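Dear colleague,

Please find below the structure I promised to hand over, and after it a short account of what was found in it.

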Amino acid sequence: MARRDAEDLLENWGRWVWQQTGVPRYVSPSLALMRDNVEMKGAPAPAITDDEAMLVDSIVARMWRRDEQMADCVRIYYCTGRTMHGVGVMLGISRLKARELLIAGRVYVEACLDTLQVA
């Protein structure tokens, strides 16, 4: 795998997770009419391979075994597009604590990627 920045991988992993959920499976007739007749902008497609996304997914799963709160911050921030304040509200922590945990989570992902690169 070519060397990629952890932040870039996490952002694209979040899009990949959201896209893979299949939401929405049901398309109302009204939405189908609008979709076919009006240009609708969606979230950008993830620029990540399935293998890269699964790697990030496994790293976040390992992170969760070490520090649940940090992994939850990473998962919520990158997969839902919430702000740091929104992540803090969801988890009952301050925005600054959410920021600290997100930085630590990104560094954790970067360290795991570095370890894999060396191996």
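Aspartate 67 caps the N-terminal end of α4, with a side-chain oxygen that lies 3.3 Å from the backbone nitrogen of glutamine 69. Helices here are DSSP runs of H or I with at least four residues, numbered from the N terminus. This is a predicted model, in which local features need pLDDT of at least 70 and side-chain atom pairs count only at pLDDT 80 or more, while totals for chains, interfaces and linings use all residues. Residues are numbered from 1 along each chain as its sequence is written, and side-chain values use heavy atoms, with hydrogens and water left out.

The 13 residues of α4 should span 18 Å, because the expected span is 1.5 Å times one less than the number of residues, and the end C-alpha atoms of α4, 17 Å apart, agree with this. Among the buried residues of α4 (under 20% relative accessible area, with a 1.4 Å probe and protein chains only) are Met70, Cys73, Val74 and Ile76. Just after α4, glycine 81 takes a positive phi of about 75°.

In helix α5 (residues 84-91), the buried residues are Gly86, Val87 and Gly88, and they pack against α4 and α6 (contact means heavy atoms within 4.5 Å). Just after α5, glycine 92 takes a positive phi of about 70°.

Finally, the largest nonpolar core (buried Ala, Val, Leu, Ile, Met, Phe, Trp, Tyr and Cys residues joined through side-chain atoms within 4.5 Å) has 27 residues, and Leu10, Trp13, Met63, Cys73, Val74 and Val109 touch the most other members. Helices α1 (6-20), α3 (50-66), α4 (68-80) and α6 (95-118) each supply at least two residues of this core.

Best wishes

Conventions. Buried means under 20% relative accessible area, exposed over 50%, partly exposed in between (1.4 Å probe, protein chains only). A polar contact is a pair of N or O atoms within 3.5 Å; within protein, one must be able to donate a hydrogen and the other to accept it, and residues adjacent in sequence count only if both atoms are side-chain atoms.
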